[in-house]
Amino acid sequence: MIAPELHPPVRLLMGPGPSDTHPRVLQALAKGTVGHLDPFYLETMNGLQDMLRQVFRTQNPMTMAISGTGSAGMEATVVNLIEPGDAMVVCVNGVFGGRMVDVAERAGAKVTKVEKPWGHVFTPEDLAPALASKPKVVGIVMAETSTGAHQPIEAISKAVHEAGALLLVDAVTALGGVPLEVDAWNIDAIYSGTQKCLSCPPGLSPVSFSPRAMEVVMSRKTKVQSWYLDVSMLANYWGQNRVYHHTGPINMTYGLYEALRLILEEGLENCFARHKKNHEALRAGLAAIGIRYSTQEGHILPQLNAVHIPEGVDDAKVRSTLLTRFGIEIGAGLGAFKGKVWRIGLMGYGSRQANVLLFLSALEQVLAEQDYLFQHGSSVAAANDTYV
Ligand SMILES: *Cc1c(COP(=O)(O)O)cnc(C)c1O
């Protein structure tokens, strides 16, 4: 039996990722596959690295895309910097900090967890006791997709470097959605993913290692535990030597290449301003119907809006009706936020005025059917007012 031809439903992906793919990225993905050592592909890799450096705001030579999703980038940065027995501090205020602890422990790190309540961010003072023990690496999530918290990096970076440690940053949801300065903030290792704010399907993980981090990698006493993610070997493929390591995911590279062209065409500042504007419209709309954010005030991500589910409203029913009747996907709460929070993404190509207004009118309809009391039309009106 032959399985049926694929006809994916048309969706608006307004959850925690994947987010909507830009049509130009879809077209790029469909271009002809070449060999992974074809001169054309090597040029494409160069262009991709050059654009990644611009978007990461770095001069780091070791900037490339790991074959795999964001978690592969997490694993790549951790396993290259950590040798068994090394001390690592991981900041945990949501799901992804928790995942980093697991990855680091599997790599043999002695992990010290620093915790904050979900939805809150870390200050340098929060890290001080853990830094006193002189860890080798400190890991932190800049955009915690499970809670919508926007972690400031600069002050943390200063404290981490004063303690002589390397700073490792998870920028999976941050990159392309909020300002991020790898060099100016002195970040030693960073990873992202294609399917959050880069308007691309999942499949690649942009990473960058500072020269200081590369020195640490190159002077390891033990081999990197992962053959696939060993950056010293990957450097031979992405660098001057072009030695075959594994077959590059050719068409995904085309997709990310086009996605980066889109961001640079728009301009980074304009791109961040668009994310902020659409977030403010959504926020005004939600406030008008009594829906509040669950993230610490002043640290709310524009691209991931985590909000309290109103009392008496059926979480699963709202999400399934949005999906089946309106084709809109939003995210459920994870972990401690399960059943309590909705996560509304306005990421990359998905951060558009039309999406905000369509989502709010659909939400009003679904909430009205559940006898939630609010003034009909008020959320769309409030959002509209922010655009004039
Ligand atoms: C999505 C996400 C990841 C994991 O990325 P995958 O692409 O799902 O592997 C890691 N960290 C953060 C903050 C994320 O949002």
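Is alanine 65 buried or exposed, and what is its relative accessible area? In this predicted model, alanine 65 has a relative accessible area of 5% and is therefore buried, given that the cut-off for a buried residue is under 20%. Alanine 65 belongs to strand β2, and, once its neighbours within four places in sequence are left aside, its contacts are Leu48, Leu52, Leu204, Ser205, Pro206, Trp238 and Leu256. Of these partners, tryptophan 238 deserves a closer look, since 173 residues of chain lie between the two positions while their C-alpha atoms are separated by 9.2 Å.

Tryptophan 238 sits in helix α8 and is also buried, because its relative accessible area is 8%. With neighbours within four places in sequence set aside, tryptophan 238 is in contact with Met45, Leu48, Gln49, Met64 and Ala65. A further link along the chain is that to leucine 42, which is 196 residues apart from tryptophan 238 in sequence but 8.5 Å apart from it in space, C-alpha to C-alpha. Leu48 appears in the contact list of alanine 65 and again in that of tryptophan 238.

These two residues lead on to an enclosed space. The model has one cavity of 30 Å³ or more, and the volume of the largest cavity is about 90 Å³. Its lining is made of 13 residues, with Ala65, Ile66, Ser67, Trp238 and His246 nearest its centre. Strand β2 (62-67) and helix α8 (231-238) each contribute at least two residues to that lining. In terms of residue class, the lining of the largest cavity comprises nine nonpolar and four polar residues, with no charged ones.

The largest pocket, which is an open space rather than an enclosed one, holds about 220 Å³. Its lining is formed by Val10, Arg11, Leu13, Pro18, Ser19, Asp20, Thr21, Leu26, Pro201 and Pro202. Here six residues are nonpolar, two are polar and two are charged.

Ser19, one of the residues that line this pocket, is also among the residues touched by lysine 196. In an unreviewed entry, UniProt annotates Lys196 with "modified residue: N6-(pyridoxal phosphate)lysine". In the model, lysine 196 lies in the loop between β9 (189-191) and β10 (204-209), and it counts as buried because its relative accessibility is 8%. Not counting residues up to four places away in sequence, lysine 196 touches Pro16, Gly17, Ser19, Thr145, Val172, Thr173, Met347 and Gly348.

A second annotated position is Arg343, which UniProt lists in an unreviewed entry under "binding site". Arginine 343 lies in strand β14 and counts as buried because its relative accessibility is 5%. Strand β14 (341-345) is in turn among the elements that cover the buried residues of helix α10, and it is also one of those against which the buried residues of helix α12 pack.

Helix α10 (residues 268-288) has 21 residues and spans 31 Å from its first C-alpha to its last, close to the 30 Å expected at 1.5 Å a residue. Its buried residues are Leu268, Cys271, Phe272, His275, Asn278, His279, Ala281, Leu282, Gly285 and Leu286. An α-helix has 3.6 residues a turn, so residues three or four places apart point the same way. The cover over the buried residues of α10 includes α2 (39-56), α9 (250-266), β11 (304-308), β14 (341-345), α12 (353-369) and α13 (378-387). Just after this helix, glycine 290 adopts a positive phi of about 75°.

Helix α12 has 17 residues and reaches 25 Å from its first C-alpha to its last, close to the 24 Å expected at 1.5 Å a residue. Its buried residues are Asn355, Val356, Leu357, Phe359, Leu360, Ala362, Leu363, Glu364, Val366 and Leu367, and they pack against β1 (12-13), α10, α11 (315-326), β12 (328-329), β14 and α13. Aspartate 371, which follows α12, has a positive phi near 60°.

As for the annotated domain, an unreviewed UniProt entry places "domain: Aminotransferase class V" at residues 43-334. Over residues 43-334 the chain is 41% helix and 17% strand, and the C-alpha atoms at the two ends are 41 Å apart.

Note on methods
Residues numbered from 1 in each chain as written. Predicted model: local features only at pLDDT ≥ 70, side-chain atom pairs only at ≥ 80, totals over all residues. Heavy atoms only, no water. UniProt positions renumbered as here; feature names shortened; annotations may be inferred. Helix = DSSP H or I, 4+ residues; strand = E, 2+ residues; numbered from the N terminus. Expected span 1.5 Å × (residues − 1). Buried < 20%, exposed > 50% of the residue type's maximum accessible area, 1.4 Å probe, protein only. Contact = heavy atoms within 4.5 Å. 1 Å grid on protein atoms, 1.4 Å probe; cavity = no way out; pocket = protein on both sides within 12 Å on 5 of 7 lines; lining within 4 Å. Points joined across faces, edges and corners; volume = space filled by probe spheres on them. Nonpolar A, V, L, I, M, F, W, Y, C, P; charged D, E, K, R; others polar.
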